[in-house]
Amino acid sequence: MAQVTFELTGMHCASCVRSVERVMEQTPGVAAYQVNLANRQLRVTYDGDLIHQRQLQQALDQAGYGATEITAASSSEQPLPVFTPKFLVCAVASSLLFVGSVPMMTGLALPASLMVFQEPWVQFALTLPVMVWGGSGFYHGAIAAWKRRTATMDTLVALGTSAAFLFSVGMTLWADQGEHPHGAMPPLYYEVAAIVITLVLLGQQLEARARRRTTAALRELIALQPLTARVIRDQREEIVPLEQIQVGDRLRVKPGETIPLDGQIEQGHTSIDESMISGESLPVDKGPGDEVIGATLNQTGSVVMVVTRIGSETVLAQIIELVESAQASKPPIQQIGDQITAWFVPVVLAIALLTLITWLLFSGNVAMAMTTSVSVLIIACPCALGLATPTSIMVATGQAAKQGILVKTAASLEYAATIQTIVFDKTGTLTLGAPSVTTFLTQLPGAQGELELLRLAASVEQQSEHPLAQAIVTYAQNQEQTWPPVEQFQAIPGHGVTGTVQDQRIQVGTLRWLAQSDIPIESWRSRAADLAAQGHTVVAIARNQQIQGLFALADTVKPSAAAAIRTLKIMGIQIVMLTGDNATSAQAIAQTLGIDTVIAEVTPAEKAATIQDLQRDGRVAFVGDGINDAPALAQADVGIAIGTGTDVAIAASDLTLMTGDLGGVVAALGLSRATLNNIRQNLFFAFVYNTLGIPLAAGLFYPLAGWLLNPIFAGAAMALSSISVVSNALRLYRYRI
């Protein structure tokens with residue numbers, strides 16, 4: 001399968017989106033597609049053996065939509081001009097036409113120098129370039145829609161302005177024949193046709209500038225990657241374009257420079273600011289063997305790195321791909337707008353025709369009938385309806401990515417906003433995922449004796465690769481201990497280790513194993529039982545057949561866990577811990593964090609089944625990081641993977657936190673709620689706008705609001721509605737994650 005992204009021209013409203021979707025549905029070889037009105041883009045997955053990219057473009061062109069492929073070279077957006085030449089010409093012509101229409105609208109006389117703009121043929125000459133040049137896009141779109149037996153915003157604008165223009169041309173011809181009283185001017189609506197087109201163009205231009213801000217976060221991510229890198233070749237350093245870098249190349253990165261690509265440090269030590277990728281504010285210390293991410297900032301040291309990933313395989317490229325995909329996807333709430341759009345334009349056409357007939361029958365006023373019907377056509381354009389959802393999604397997903405939260409689909413955001421229960425895995429999610437020494441007990445007198453015993457234990461444990469052994473060694477290192485060499489080292493799997501240190505036999509392991517070695521354990525049994533009851537793993541140390549100390553080890557909770565759990569409870573969310581660990585350890589961690597519901601000693605398959613049981617009472621999110629969490633992540637309504645976890649877990653999730661900070665869970669749910677509220681506000685505004693606007697334009701409240709019947713006001717209102725929806729979506733930038 002091949003994939004291509006097109007930038008579309010001629011797509012203005014929700015009806016246009018449906019037209020593009022219909023073209024894709026009817027094109028053989030198209031496997032999937034995503035249409036985004038907010039950024040005017042179409043992403044297509046297609047079978048290259050059945051259809052060529054050029055044929056896709058031809059199908060879109062026949063439907064009235066220009067399609068230009070978006071490539072890496074063309075993806076950088078250029079600054080938008082304040083006003084285009086087309087708009088400026090239309091604005092000047094419309095201004096002069098407005099001056100000429102003042103006498104008809106107000107009854108006031110113009111100065112002699114301006115009376116020329118009252119002349120019908122002068123108004124015709126001013127309107128013609130606006131219709132031909134300014135309105136060409138609308139008319140081409142309307143003709144293409146007519147060929148497809150459908151109707152779009154272009155249809156409404158084209159019909160409305162054409163009706164006003166052709167009516168005025170008829171009146172001009174009638175006036176030119178002299179069949180009107182001396183000094184009287186026929187009713188002309190040239191200014192309506194010209195000003196409506198000008199206002200719609202202005203609205204589209206302002207809307208485009210506002211829409212461009214919705215992709216600001218994504219453009220900032222794209223801009224993070226440098227254009228060049230310093231490559232070490234044949235003992236020389238040279239700066240080359242990034243596209244020439246290959247996997248395995250060695251790069252020099254100096255302090256203050258951006259890491260060009262993903263790789264591994266070969267030489268040097270430094271601290272790296274990864275906030276632009278992960279949202280983590282504190283720099284991370286890196287040394288030989290550590291992974292580095294492209295687009296992060298090298299702060300303190302000069303390092304040599306080996307490139308491990310380039311192009312689309314880099315973390316930054318995958319983040320950008322994920323964000324773009326999420327921005328193009330549709331949340332379920334958008335189905336409301338799609339369903340309405342399917343019949344909206346045909347209904348508007350029917351209302352406009354009914355308005356025309358009603359005014360003609362009951363008033364006999366041709367001018368009023370035409371004015372109201374044109375106003376209905378202009379004011380009812382479903383632009384705001386089509387922009388209501390995608391603009392909010394684009395802002396939200398871009399902001400989330402900047403803060404280290406990756407959203408896979410727009411539906412994930414909507415579902416996250418309605419979560420009632422969050423289920424947390426324990427190890428590696430609520431805890432650090434590695435044991436550490438919490439207590440060291442001895443019966444030896446004085447601190448010196450305690451340190452001596454710790455040194456002996458660490459001497460033996462450093463020979464072992466077991467996680468508990470490494471935790472004891474780390475604890476000893478934190479006490480600034482050094483230790484003598486070990487002889488006759490032996491590891492007994494499942495029990496412990498033994499060795500000779502300075503002619504003393506040292507054993508470190510379980511009490512049961514020591515008892516089997518004929519070492520008395522009774523005096524330590526109660527203290528070991530108390531520690532085990534608190535969820536600790538107990539390791540004893542014996543010297544020359546006598547137990548002299550106990551280590552209590554536990555997987556400690558993450559610093560961010562307690563605050564995150566408290567906040568989620570305040571948000572009204574039920575918290576559950578689901579783990580494969582033993583119940584005692586799980587209960588100890590849960591008690592520390594204030595989690596009331598604990599389900600322990602479950603298999604990966606049982607985790608998924610437990611999620612399914614909880615879903616009977618409402619939507620459930622699961623937060624995990626391991627391979628064994630993948631089934632539960634996939635089963636949950638929203639799977640949230642800790643980015644420090646496995647690739648399998650991340651692939652199965654809906655949201656990914658680039659760091660292990662559980663504050664990201666709170667942020668993700670908060671942002672999702674804010675986004676859903678924003679979408680609802682946009683949809684409400686769009687619905688209310690059309691619900692009130694169409695009756696007003698049809699003259700339902702005439703003469704109380706007779707001045708609103710002018711199509712010029714309808715055009716201004718239509719343009720303002722789209723700008724308002726986009727501006728409301730931009731308020732999500734104020735949300736602080």
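# A tour from the S18–S19 loop to helix H25

Gln502 sits in the loop that joins strand S18 (496–501) to strand S19 (504–509). Start there. Keep in mind that this is a predicted model.

**Stop 1: the loop between S18 and S19**

Select Gln502. Check its backbone: phi is near 55°, a positive value in a residue other than glycine. Most residues other than glycine have a negative phi. Is Gln502 buried or exposed? Its relative accessibility is 51%, and the cut-off for exposed is over 50%, so Gln502 counts as exposed.

Now add Asp503. This residue lies in the loop between S18 and S19. Its phi is near 65°, again a positive value in a residue other than glycine. Asp503 is exposed, with a relative accessible area of 75%.

**Stop 2: aromatic pairs**

Switch to the rings. The model has seven aromatic pairs. Select Phe124 and Phe165. Their ring centres are 5.8 Å apart, with 20° between the planes, and the pair is stacked. Where in the chain do the two partners come from? Phe124 belongs to helix H4 (residues 120–134) and Phe165 to helix H6 (residues 153–176). They are 41 residues apart, so the pair links distant parts of the chain.

Turn on the surface. Phe124 has 21% relative accessibility and therefore counts as partly exposed. Phe165, at 10%, counts as buried. The dividing value here is 20%.

Next, select Phe167 and Tyr189. These ring centres are 5.8 Å apart and the planes meet at 50°, so this pair is tilted. Phe167 is in helix H6, while Tyr189 is in the loop between H6 and helix H7 (190–214). The pair spans 22 residues and links distant parts of the chain. Both Phe167 and Tyr189 are buried.

Go back to Phe124 and Phe165, then add Trp121 and Tyr190. These four residues form one aromatic cluster.

**Stop 3: H12 against H25**

Select helix H12 (residues 366–379) and helix H25 (residues 663–697). They pack at an angle of about 165°, with their axes 8 Å apart. Angles over 145 degrees count as roughly antiparallel, and H12 and H25 are therefore roughly antiparallel to each other. Their crossing is right-handed.

Show the side chains. On the H12 side, pick Thr372, Ser375, Val376 and Ile379. On the H25 side, they meet Tyr689, Asn690, Gly693, Ile694 and Ala697. What classes of residue make up this contact? It has five nonpolar, four polar and no charged residues.

**Stop 4: H13 against H25**

Keep H25 and swap H12 for helix H13 (residues 383–402). H13 and H25 pack at an angle of about 165°, and their axes are 8 Å apart. That angle makes H13 roughly antiparallel to H25. The crossing of H13 and H25 is right-handed.

Select the contact residues of H13: Ala384, Leu385, Ala388, Thr389, Thr391, Ser392, Ile393, Ala396 and Ala400. From H25, add Leu671, Thr675, Asn678, Ile679, Asn682, Leu683, Ala686 and Phe687. Colour by class. The contact of H13 with H25 divides into 11 nonpolar, six polar and no charged residues.

Methods: Residues are numbered from 1 along each chain as its sequence is written. This is a predicted model: local features need pLDDT of at least 70, side-chain atom pairs count only at pLDDT 80 or more; totals for chains, interfaces and linings use all residues. Side-chain values use heavy atoms; hydrogens and water are left out. Axes are lines fitted to C-alpha atoms, for helices over the stretch in contact, and angles run from 0 to 180 degrees between N-to-C directions. Helices (H or I, at least four residues) and strands (E, at least two) are DSSP runs, numbered from the N terminus. Angles under 35 degrees count as roughly parallel, over 145 as roughly antiparallel, 65 to 115 as roughly perpendicular and the rest as oblique. A crossing is left-handed if the near helix is turned anticlockwise from the far one by less than a right angle, and right-handed if clockwise. Contact means heavy atoms within 4.5 Å. Ala, Val, Leu, Ile, Met, Phe, Trp, Tyr, Cys and Pro count as nonpolar, Asp, Glu, Lys and Arg as charged, and the others, Gly among them, as polar. Rings of Phe, Tyr and Trp (its six-membered ring) pair if their centres lie within 6.5 Å; planes under 30 degrees apart count as stacked, over 60 as edge-to-face and the rest as tilted. Buried means under 20% relative accessible area, exposed over 50%, partly exposed in between (1.4 Å probe, protein chains only).
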